[in-house]
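Let's work through a single chain together, one exercise at a time. Have the structure open beside you and try each task before reading its solution.

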Amino acid sequence: MTRTRNYPDVNVLDWSTIEPHVNALLEAEVTPENVRDWLQQWSDLESVLDEEMSWIYRAITENTADEEANARFQKVVGEVFPQWQVAEQRLNEKWVAVEGYQPDEETAQVFRRVKAEIELFTEENIPIITELQLRSKRYQEITGGLSIQWRGEDITIPQAEAHLADRDRAVREQVWRQVMDAYLVHREELNELFMDLLVKRRQLAKNAGYPDFRSYQWIRKGRFDYTPEDCAVFHNAIEQEVVPLATEMYANIAQETGLDRLRPWETGVGSPWLPTVDPYDQPLHPFDDVAELEEVGQRVFARVHPDFGGYFQAMRDGFLDLASRPNKAPGGYMNSFPVSGKAYIFMNAVGTHRNFRTLMHEGGHAFHFFEAFQHQDLIWNYHAPLEFSEVASMSMELLSMPYWKQEEGGVYDAEDYRRAVTEQLTGIVTFLPYMAVVDKLQHWLYADAAEDVTPDDIDAKWSELWDRFMPGIDYSGLDVEKATGWHRKGHIFGSPFYYIEYGLAQMGALQVWRNALADQDQAVADYRRALAAGYTRPLPGLFELAGARFAFDRQSVGELMALVRDQLAKAL
């Protein structure tokens with residue numbers, strides 16, 4: 001099927017240019033015989049809108065102080081998006097009503113999602129969803145503008161975090177406390193922002209007839225293949241199989257660095273589970289500037305597969321923004337441009353191994369889009385469920401590891417390569433308990449917390465979960481900094497219930513890696529086949545294509561932790 005993309009008159013800022021095309025779709029006679037062509041026309045229109053929104057989102061994250069970009073974002077979200085939601089609902093209903101239609105393999109998952117969206121839809125929620133989008137952006141504005149004074153210079157939070165690997169513990173503590181203070185200045189504002197978001201999210205569920213926001217969001221996120229109860233099973237498996245191993249790792253790191261215990265300034269800010277201090281003279285420093293990072297990324301990706309090298313080379317022509325700078329939104333992400341077929345990587349690199357790993361991660365997301373774009377024609381199949389999209393990114397981190405060595409095209413000599421692999425595997429283990437804290441907090445917030453829950457209650461719950469899952473990092477005397485840790489996790493503000501995906505996906509990525517240890521070429525081939533499938537399979541089917549099982553019970557988690565322990569022993 002050839003993509004047409006024939007909508008040159010569409011302006012995403014002007015609904016009057018979109019509405020005639022929507023009306024044409026709504027007025028068309030649709031039968032089982034022509035429904036596929038009709039879907040392609042709809043997909044083409046949505047692709048044009050999605051492409052323009054990707055440009056707008058790129059602008060507001062590259063410079064959170066860009067007033068013109070912010071005005072475009074406000075206009076689309078406040079004026080055009082509400083009308084598109086109504087139109088999309090009518091299109092959904094028209095498709096589902098086609099008499100005698102049976103979805104095929106290409107459309108079965110889309111059809112399942114469409115029916116769920118019909119169930120969720122109520123027009124009274126449109127202004128609330130709009131407000132949530134606009135209010136969530138405020139979190140980026142607050143955190144993207146944070147900085148600290150360090151040795152006479154204003155530096156961003158990502159730049160400050162690089163100093164947490166300094167050999168001088170006093171430096172680490174001073175930087176960490178300054179970063180905490182920068183967040184705490186906005187404590188009340190962040191509390192007020194979240195409480196506003198919480199009220200609106202609860203109202204969404206109520207308006208749609210759901211008992212709580214968790215039930216509503218479960219359907220909205222298309223979680224057809226697992227339940228909240230399954231998440232509880234996973235949390236418990238992590239507590240039983242991962243927390244003891246993570247705690248042991250923290251203790252070993254402390255001992256090797258001559259410390260009696262790990263304090264939070266021995267870990268990151270954006271990644272507070274991963275130790276930044278190590279027993280070596282200097283932290284890993286794989287690149288000096290983003291030009292060098294691009295070069296090594298090019299070499300490594302090409303070694304994993306030549307096509308990946310080609311995809312990344314295309315991105316180097318204006319579709320990478322890797323350096324940290326003031327007023328740039330925090331974090332990193334990959335975004336896609338479904339008309340031009342381009343992928344874009346955004347991150348805040350300051351020369352650390354963590355930055356290098358982030359490029360590997362976001363590269364996996366980008367290659368997922370490239371592979372699906374080449375094999376799928378409908379926009380809804382360009383991206384798999386998040387639980388598998390993160391398999392794409394996390395697997396790339398692991399599949400690329402053999403090529404981090406200098407002799408393989410990477411950046412590390414033998415000793416630093418050993419350190420990098422150790423950090424990678426340690427990070428997997430220490431991340432999973434942190435993931436459980438973030439996810440369990442949200443289950444509590446949206447299904448169990450009292451109607452009159454307060455920010456103090458949230459602080460207390462976060463602290464309770466932290467003590468349960470993260471006992472290896474000593475926060476004694478730092479109760480406020482620990483309790484407000486949820487302020488430093490953007491997903492809680494902007495992407496509710498988006499975090500368990502990372503943990504479930506890590507189970508898949510570890511299995512892909514296990515296969516690669518036996519046969520790298522076959523594992524990469526299986527991985528590519530799964531990426532190319534887009535969203536044409538349910539989650540278990542996508543995992544199976546990649547050579548993995550969709551499993552997160554205690555036995556499965558325990559087996560994968562044993563694999564990590566064994567490989568760490570070999571690395572050490």
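The exercises below go from the whole chain down to single residues; keep in mind that this is a predicted model.

**Exercise 1. The overall build**

Task: Find how many helices and strands the chain has, and say why it can be called as compact as a globular protein of its length.

Solution: Begin with the secondary structure, which comes to 23 helices and 5 strands. Next, take the radius of gyration, 23 Å, and set it beside the 25 Å that the globule rule gives for 572 residues. The two values are close, so the chain is as compact as a globular protein of that length. For the outer dimensions, the C-alpha trace spans about 75 × 55 × 45 Å along its principal axes.

**Exercise 2. Inside, outside and charge**

Task: Describe the burial, the contacts, the surface and the charges of the chain.

Solution: Start with burial: 60% of the 572 residues count as buried. Then turn to contacts between residues at least 6 apart in sequence; 77% of these join residues at least 24 apart. The exposed area of the chain is about 22,200 Å², and carbon and sulfur atoms supply 47% of it. Finally, there are 55 positive and 92 negative charges, and their mean positions lie 3 Å apart.

**Exercise 3. Aromatic rings**

Task: Classify the pair formed by Phe369 and Phe370, and state whether each residue is buried or exposed.

Solution: The count for the model is 54 aromatic pairs. In the pair of Phe369 and Phe370, the centres are 6.2 Å apart and the planes make an angle of 55°. Stacked pairs need planes under 30 degrees apart and edge-to-face pairs over 60, and the pair of Phe369 and Phe370 is tilted. For burial, the cut-off is under 20% relative accessible area. Phe369 has 1% relative accessibility and counts as buried; Phe370, at 9%, is buried too.

To see a group of linked rings, select the cluster that includes Tyr210, Trp218, Phe388, Tyr446, Phe497 and Phe552. One of its members, Phe497, returns in the next exercise.

**Exercise 4. Two residues with positive phi**

Task: Locate Arg151 and Phe497, which have positive phi although neither is a glycine, and work out which is buried and which is exposed.

Solution: Take Arg151 to begin with. Its phi is about 55°, and Arg151 lies in the loop between β1 (147-150) and β2 (153-156). Exposed means over 50% relative accessible area; at 66%, Arg151 therefore counts as exposed.

Now move to Phe497, with a phi of about 70°. Phe497 is also in a loop, here between α19 (490-494) and α20 (500-518). Its relative accessible area is 0%, so Phe497 is buried.

**Exercise 5. Partners far along the chain**

Task: For Val76, Met347, Val524 and Ala516, find the element each sits in, and name contacts that leave aside residues up to four places away in sequence.

Solution, step by step:

- Val76 lies in helix α3 (residues 67-96) and is buried at 4% relative accessibility. Its C-alpha is 8.2 Å from that of Met53, 23 residues away along the chain. Val76 touches Val12, Leu13, Met53, Ile56, Phe81 and Pro82.
- Met347 belongs to strand β5 (residues 342-349) and is buried at 1% relative accessibility. Thr358 is 11 residues from Met347 in sequence, and their C-alpha atoms are 7.8 Å apart. The contacts of Met347 include Leu293, Leu322, Lys328, Asn355, Thr358 and Leu359.
- Val524 sits in helix α21 (residues 520-532), buried with a relative accessible area of 4%. Val304 is 220 residues away in sequence, yet the C-alpha atoms of Val524 and Val304 are 7.6 Å apart. Val524 touches Val304, His305, Phe308 and Leu399.
- Ala516 is in helix α20 and is buried at 9% relative accessible area. The C-alpha atoms of Ala516 and Leu398 are separated by 8.9 Å, with their positions 118 residues apart along the chain. Ala516 touches Leu399 and Ala523.

As a last step, look at Leu399 on screen: Leu399 is touched by Val524 and by Ala516.

Methods:
Residues are numbered from 1 along each chain as its sequence is written. This is a predicted model: local features need pLDDT of at least 70, side-chain atom pairs count only at pLDDT 80 or more; totals for chains, interfaces and linings use all residues. Side-chain values use heavy atoms; hydrogens and water are left out. Helices (H or I, at least four residues) and strands (E, at least two) are DSSP runs, numbered from the N terminus. The radius of gyration is taken over C-alpha atoms; the globule rule is 2.2 Å times the number of residues to the power 0.38. Buried means under 20% relative accessible area, exposed over 50%, partly exposed in between (1.4 Å probe, protein chains only). Contact means heavy atoms within 4.5 Å. Accessible areas come from the Shrake-Rupley method with a 1.4 Å probe; for residues, only the protein chains shown count as cover. Lys and Arg count as positive and Asp and Glu as negative; His and the chain ends are not counted. The place of a charge is taken as NZ of Lys, CZ of Arg, CG of Asp or CD of Glu. Rings of Phe, Tyr and Trp (its six-membered ring) pair if their centres lie within 6.5 Å; planes under 30 degrees apart count as stacked, over 60 as edge-to-face and the rest as tilted.
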